[in-house]
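Please walk me through this structure in the viewer, one selection at a time. I would like to know what to select next and what is there.

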Amino acid sequence: MTKAYKTLETRFRRMNVLSNIGQMLHWDMAAIMPAGGAGARSEQLATLDVMGNELINAPDMGDLIEDAGNEGLDDWQQANLGEMKRAWVHGTAVPAELVEKMSLAETRCEVAWRTARAENDFKGLLPKLQEVLDLSIEAGNAKAAALGTSVYDALLDQYDPMMRSERIDSLFAELEDFLPGFTAEVIERQKSEDAPIAPTGPFPIEVQNRVGLDLMKAVGFDFDHGRLDISHHPFCGGIPEDVRITTRYDESDFTSAIMGVLHETGHAMYERGLPSDWRSQPVGKARGMTMHESQSLLVEMQACRSEDFLTYAAPVFKQAFGGDGSAWDASNLHRLYTRVEPGLIRVDADEVTYPAHVIMRYRLERALIEGDMKLSDLPTAWNEMMQKLLGITPPNDRDGCMQDIHWPSGAWGYFPTYTLGAMAAAQIYAAAKEACPEIPETLRQGNFGPLMTWLGKNIHSQASRRSTDDILHAATGKVLGIESFKSHMIERYGR
């Protein structure tokens with residue numbers, strides 16, 4: 001191994017360890033940390049962020065990256081060097097003092113959001129959220145100068161490398177040409193059909209938890225390398241060797257928690273499938289959040305809301321909860337899980353109306369980042385746009401502009417990846433079924449083996465070796481687009 005590249009590998013391995021420690025501390029903060037630990041946790045996370053920033057800003061880092069490019073690297077090493085350079089450009093753009101300020105502000109705001117949301121207190125959260133927004137814009141400006149992009153695109157690049165808002169605008173415009181009319185048709189048609197029967201509870205949390213664990217096993221989750229817990233907002237965190245999934249429970253409705261668990265398990269399977277030899281290096285990381293969200297939505301929406309999987313799951317649910325009657329039939333549960341009805345909460349939305357939630361957030365955060373809207377005007381703007389896109393107005397800020405953790409935690413630029421991920425999920429699942437026609441039948445048996453094997457080979461194992469479009473083209477024969485998503489919608493919901 002040549003000297004410059006080997007030195008870079010050692011440094012990035014150290015940065016990866018620091019990042020992994022931060023991931024575990026974030027999980028602890030969300031799942032089990034007492035509220036009184038917030039101040040100390042803020043300082044811990046800020047210190048880790050500063051240490052990582054100091055490593056990426058080492059004076060000789062640029063020279064090492066340049067020298068390593070002349071050292072005869074193989075394909076994976078060349079790809080790793082490219083990811084190192086990308087991390088270096090992002091890391092050197094933001095000074096250590098700003099990194100520390102951002103980390104402290106984000107942790108404090110995230111903790112404050114939990115109480116403020118419960119108390120429907122947007123005004124109380126506003127000063128902390130304003131600080132996070134201001135610091136994010138400051139960092140975005142610095143990164144925009146380094147990347148040669150707009151401020152919003154610089155923030156977006158952190159979550160979806162090489163994606164730009166111009167392309168998102170085009171893809172979302174195609175969606176908006178299709179979805180409103182299609183949504184209205186589906187809702188009208190479903191009115192003329194027998195309404196699904198919601199199973200009646202209560203559904204004890206311990207039983208929901210047990211069912212969730214069993215279904216995670218069916219998908220292929222390895223409990224020697226992960227666990228399931230409870231948090232305010234479901235998420236998948238931790239590290240590939242120790243994946244942490246969380247969900248939240250409602251004793252009157254088991255369907256939301258179960259699908260939340262399956263969604264996060266899709267994320268977890270991606271993390272676990274990343275190539276073990278490269279996990280300590282940038283190239284061994286997931287290829288951005290569009291690809292990550294594609295894996296969670298593929299498991300939840302494409303596979304687990306299908307009639308194939310529900311044929312397997314219905315008897316599992318019925319036995320676990322002591323159900324009786326037609327409400328527990330697979331056909332009824334399929335109608336329940338594919339019922340289209342505009343709602344207030346993004347994470348509970350059906351897949352037909354879900355893109356409207358994302359498009360709304362994308363436009364609002366761009367307006368805030370680009371200075372076209374004041375943060376204090378967010379509740380009013382949110383309500384007006386939700387009424388326009390979904391035909392409903394939130395009764396309060398708790399179920400309106402405060403429902404998501406993303407902005408309080410500093411994740412500006414993340415939201416569009418949800419719907420980009422849904423497009424990719426449809427594209428990938430169609431290709432998987434074409435390559436492995438047995439997948440629907442194996443899902444009817446609760447066997448995810450063929451699907452996960454195909455995903456492991458074509459998606460998970462590729463990590464960040466290539467761009468999102470290149471990975472998709474190799475796996476599906478085309479770059480990211482909306483055609484497979486439209487075809488999936490029409491096939492599942494009719495037209």
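Select M162 to begin; this residue sits in the loop between α7 and α8. The model is predicted. M162 is not a glycine, yet its phi is positive, near 75 degrees. Is M162 buried or exposed? Its relative accessibility is 53%, so M162 counts as exposed, the cut-off for that class being over 50%.

For a second residue of this kind, go to A463, in the loop between α18 (449-458) and α19 (468-476). A463 is another residue other than glycine with a positive phi, in this case near 45 degrees. A463 has a relative accessible area of 0% and is therefore buried, since buried means under 20%.

Return to the loop between α8 (165-191) and α9 (205-219), and select P202 there. Display the backbone from G201 to P202: the peptide bond between them is cis, with omega near 5 degrees.

Next, select A184, which belongs to helix α8. With a relative accessible area of 46%, A184 is classed as partly exposed, because that class lies between the 20% and 50% limits. Add E341 to the selection and draw a distance from C-alpha to C-alpha. The two residues are 157 apart in sequence, and the distance in space is 9.8 Å.

Now colour helix α14, residues 354-369. How far does α14 reach from its first C-alpha to its last? Its 16 residues reach 23 Å, close to the 22 Å expected at 1.5 Å a residue. Switch on a surface to see how α14 is placed: the helix is mostly covered, with 15 of its 16 residues buried. Following α14 comes G371, with a positive phi near 80 degrees.

Keep α14 on screen and add helix α7, residues 151-159. The axes of α7 and α14 lie 9 Å apart, and the two helices pack at an angle of about 125 degrees. This angle makes α7 oblique to α14. The crossing of α7 past α14 is right-handed. To look at the contact itself, show side chains for V151, Y152 and L155 on the α7 side. Their counterparts in α14 are Y362, E365, R366 and I369. Sorted by class, this contact has five nonpolar residues, two charged residues and no polar ones.

While the side chains are displayed, one point about helices helps in reading them. An α-helix has 3.6 residues a turn, so residues three or four places apart point the same way.

The last stop is another helix pair: select α10, residues 254-273, and α11, residues 288-304. Which angle do they make? They pack at about 135 degrees, with their axes 8 Å apart. α10 and α11 are therefore oblique to each other. Here too the crossing is right-handed, with α10 passing α11.

Show side chains for the residues that meet:

- In α10, M259, L262, H263, G266, H267, Y270 and E271 take part.
- In α11, the partners are M291, H292, E293, Q295, S296, L297, V299, E300 and C304.

By class, the contact of α10 with α11 is made up of seven nonpolar, six polar and three charged residues.

How values were computed. Residues numbered from 1 in each chain as written. Predicted model: local features only at pLDDT ≥ 70, side-chain atom pairs only at ≥ 80, totals over all residues. Heavy atoms only, no water. Helix = DSSP H or I, 4+ residues; strand = E, 2+ residues; numbered from the N terminus. Expected span 1.5 Å × (residues − 1). Buried < 20%, exposed > 50% of the residue type's maximum accessible area, 1.4 Å probe, protein only. Axes fitted to C-alpha atoms, helices over the stretch in contact; angles between N-to-C directions. Parallel < 35°, antiparallel > 145°, perpendicular 65-115°, else oblique. Left-handed = near helix turned anticlockwise from the far one by under 90°. Contact = heavy atoms within 4.5 Å. Nonpolar A, V, L, I, M, F, W, Y, C, P; charged D, E, K, R; others polar.
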